[in-house]
Amino acid sequence: MRTDKDTWDITTSVGSTALFVAAARALEAQKPDPLAVDPYAEVFCRAVGGPWADLLDGTAPEHPLKSEEFGQHFVTFQAARTRYFDAYFRRAAEAGVRQIVLLAAGLDSRAYRLDWAAGTTIFELDQPQVLDFKRDTLAAYGAVPRAERREIAVDLRDDWPQALRDSGFHQHEPSAWIAEGLLIYLPASAQEQLFTGIDSLAGSGSHLAVEEGRPMDRDAFQAKVQEAKSVDDERGQWWQLVYNEQHAPAAQWFSERGWDAEATTLLDYLQTVGRSVDSADAEAANMLASITLVSAVKG
Ligand SMILES: C[S@@+](CC[C@H](N)C(=O)[O-])C[C@H]1O[C@@H](n2cnc3c(N)ncnc32)[C@H](O)[C@@H]1O
């Protein structure tokens, strides 16, 4: 269960979710027709080794990411969101934005794999041990960031705006923000603090991308949490890590504050990229139907 000041590394608690989504990206990259290719996702899995390497070698058929009912849909979901947000960052860069803020950067490797214009600075915020693992792993692999990369080891429930300013973020210049795979791990009060922080730090012409999920019915969620206690794998543990809360739909909240926001459901986006979901089991269908991808530009 979560506590207000909980901490983690890359294989524990919320930190392990960064590895889980990286593993999904690595599995997508193995497909003949991937929606997105993140070559560093495999590097992270192999650095941790054990079941994470077995998964990529096809020798862990029992891993939740391999299941027909959940795993294959989750991999497609991650691939789609990677593609959506990669395109978002390209648009922001083409518009001249040179300050990038990865909130809950986890094992997001965009600093290393996207083409950034000269003069771009990428601020990566996450808990210290997650950032340590990523830096050390990619350095050992010989990967080099394609922009100036600044790590900000901070908890996003604390005063992260001050930490960002202290790292040289320029409030009056445009910036491009992302909250991908983050909101569900924050209680509604911290989501509100996050949105408020972004809005107060983002100058005119700034860009924002958010992935959000519609909360489940409270009783159904509690039942799922109880049921998951008896399932001893990443998927079972995951239910203990999330807050089934939503402060406000991002497109609505930012629109009311002068942003031009567009919300795309994951199901619609999957159709756009030729990966419509026909027959998913109930849990996978609910997951896919609950997700919305949002992008916005501040006027
Ligand atoms: C599912 S991962 C997503 C990582 C990355 N954005 C991606 O999509 O690959 C969730 C990330 O959120 C980070 N995170 C969650 N709550 C946080 C908090 N309160 N402070 C800092 N980081 C947090 C975790 O450490 C983890 O790296």
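Let's start at the ligand: one of its oxygen atoms has a polar side-chain atom of W8 sitting 2.8 Å away. Keep in mind that this is a predicted model. W8 isn't alone in reaching for the ligand, and here are the polar pairs side by side.

| Residue | Ligand atom | Distance |
|---|---|---|
| W8 | oxygen | 2.8 Å |
| R25 | oxygen | 2.9 Å |
| D155 | nitrogen | 2.9 Å |

For R25, the partner is an N or O atom in the side chain, while D155 offers a polar side-chain atom to a nitrogen atom of the ligand. How much of the ligand does the protein bury? On its own the ligand exposes 590 Å², and 99% of that is buried by the protein.

Now for the company around it. The ligand has 22 residues around it, and those that come nearest are W8, A104, D126, L156 and E180. Sorted by class, this shell holds 12 nonpolar, 4 polar and 6 charged residues. Which helix gives the most to the shell? That's helix α1, residues 15-29, which puts in 4 residues.

There's also some empty space to look at. The count comes to 1 cavity of 30 Å³ or more, and the largest cavity holds about 40 Å³ of space. Its lining is made up of R25, D38, T82, D108, S109, R110, R113 and E180. By class, that lining has 6 charged residues and 2 polar ones, with no nonpolar residues. Two names should ring a bell here: R25 and E180 line the cavity, R25 has a side-chain atom 2.9 Å from a ligand oxygen, and E180 is among the residues that come nearest to the ligand.

Methods:
Residues numbered from 1 in each chain as written. Predicted model: local features only at pLDDT ≥ 70, side-chain atom pairs only at ≥ 80, totals over all residues. Heavy atoms only, no water. Near = heavy atom within 4 Å. Polar contact = N/O pair within 3.5 Å; in protein donor to acceptor, adjacent residues only side chain to side chain. Areas by Shrake-Rupley, 256 points an atom, 1.4 Å probe, with all protein chains shown as cover. Helix = DSSP H or I, 4+ residues; strand = E, 2+ residues; numbered from the N terminus. Nonpolar A, V, L, I, M, F, W, Y, C, P; charged D, E, K, R; others polar. 1 Å grid on protein atoms, 1.4 Å probe; cavity = no way out; pocket = protein on both sides within 12 Å on 5 of 7 lines; lining within 4 Å. Points joined across faces, edges and corners; volume = space filled by probe spheres on them.
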